[in-house]
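Me: I am new to reading protein models. Please take me through one part of this one in detail, step by step.

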Amino acid sequence: MSDPFFQPPSGTDLPRYAGVPSFMRLPYLPPDHPRRAEVDIGIFGLPWDGATSNRPGARHGPRALRDASTMIRAGNRATGQFPFEAARIADLGDVAMSPVDQDAALANAQGFVRDVLAQGTRPFMVGGDHLCTLTVLRELRAARGAAFGLVLLDSHTDLYPAYFGGKTLTHGNPFRQAIEEGCLDPTACVMIGMRGTSYNDEDFQYGRDRGVRIMPIEECFDLGWPMVMQIAREIVGARPAYVSFDIDFIDPAYAPGTGTPEVGGATSYQALSCVRALRGLDIIGADLVEVSPPFDTGGITAWLGASVMFELLCAMQPA
Ligand code: MN
Ligand code: MN
């Protein structure tokens, strides 16, 4: 299975700080590349934060994550996996998204994802703010012809009603929209790590009324993370599911570079362990979103984000 073309250069041959940075130092295959259709898992950037309601900057996430991800080595010591040998993974580039025209930006992203899915490639999206996820969910729904499940690791449900009095899509409501549009089967959805102050409980109520399992952070720490992830796995079961990782799931002590931080979250180690526990699920796509490099300190959020990406790529391999 292992194809030399899809192996990142080793840092013992070319130092990891050298060279042009692609995600994980994988081959960069733009849309017209002849080998693009061979890709099993395609990583691409949606450098866009036009739906951010608080501090912006996630548009700079893909570039920072490409740079930080060059630090990743080939193997996962915790699991024994070598994900780049087990599957053909590549950097498919970034989507051109207008920073000022939401409709055009989302349409471009959906067109890109549609083409990726048409080639039989599993999507791995790097945001960008969390509304970027909606473009992937919509295209997965269209390609599959059926709703699917979700594992969300986030400090927010992103099931909020529209803000500012309009019908506006924001990074606070992609999953509400995805449920309304029939992309997600709420009974196969689990949301983990919710915390922080709120104006009301409308988002929790919306989810629970439809069968979404919401696990606030108090429940996570009371039960313990292995039990949390066992529950998540039982909820999803054998059903296909998308995995969405908002970097603000992790405590801002470890991940300060994000727009809507909430204190009292998971540690870096707990976050990596949670992702590892997803292996064996039928993961039809994944993302890492909301890394905002302008708010980062010493690049620690980007490095943690790149490390979460690696664990996600491992979790997406067959068990
Ligand atoms: Mn969040
Ligand atoms: Mn989010």
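**A close look at strand 3**

Strand 3 and strand 8 (residues 283–289) are parallel partners, paired over three bridges. Which residue of strand 8 is the bridge partner of F124?

Reply: The bridge partner of F124 in strand 8 is A286. Before going on, note that this is a predicted model. The protein chain has an average pLDDT of 97. At least 70 is the score of 100% of the residues.

Now look at the other pairing of strand 3. Strand 1 (residues 41–46) also runs parallel to strand 3, and six bridges join the two. Here I43 of strand 1 has F124 as its bridge partner. F124 therefore appears in both pairings: with I43 in strand 3's pairing with strand 1, and with A286 in the pairing with strand 8.

How enclosed is strand 3 (residues 122–127)? Five of its six residues are buried, so the rest of the structure largely encloses strand 3. Buried here means a relative accessible area under 20%. In general, side chains of a regular strand alternate between the two faces of the sheet.

Next, use the same cut-off at the metal site. The manganese ion (ligand 1) has protein donors from D154 (OD), H156 (ND1), D246 (OD) and D248, whose OD is listed twice. These donors lie 2.1 to 2.5 Å from the ion. Along the sequence, the donor residues follow the spacing D-x1-H-x89-D-x1-D. D246 has a relative accessible area of 2%, so it counts as buried. D248 is buried too, with a value of 3%. D154 has a further role in the geometry: it bridges the manganese ion (ligand 1) and the manganese ion (ligand 2). The two ions lie 3.2 Å apart.

H156 leads on to the largest pocket. H156 is among the residues that lie nearest the centre of this pocket, along with Y160, Y163, T197 and Y199. The whole lining has 31 residues. By type, they divide into nine nonpolar, 12 polar and 10 charged. Helix 6 (residues 202–209) gives the most to the lining, with three residues. The volume of the pocket is about 750 Å³.

One last check concerns confidence. Among the elements of the chain, strand 7 (residues 241–246) has the highest mean pLDDT, 99. Helix 2 (residues 83–86) has the lowest, 97.

To return to the start: strand 3 pairs with strand 1 over six bridges and with strand 8 over three. Five of the six residues of strand 3 are buried.

Technical notes:
Residues numbered from 1 in each chain as written. Chains lettered and ligands numbered in written order. Predicted model: local features only at pLDDT ≥ 70, side-chain atom pairs only at ≥ 80, totals over all residues. Heavy atoms only, no water. Buried < 20%, exposed > 50% of the residue type's maximum accessible area, 1.4 Å probe, protein only. Helix = DSSP H or I, 4+ residues; strand = E, 2+ residues; numbered from the N terminus. Pairing = 2+ DSSP bridges. Donors = N, O, S within 2.8 Å, 3.2 Å for Na, K, Ca; no water. 1 Å grid on protein atoms, 1.4 Å probe; cavity = no way out; pocket = protein on both sides within 12 Å on 5 of 7 lines; lining within 4 Å. Points joined across faces, edges and corners; volume = space filled by probe spheres on them. Nonpolar A, V, L, I, M, F, W, Y, C, P; charged D, E, K, R; others polar. pLDDT = per-residue confidence, 0-100.
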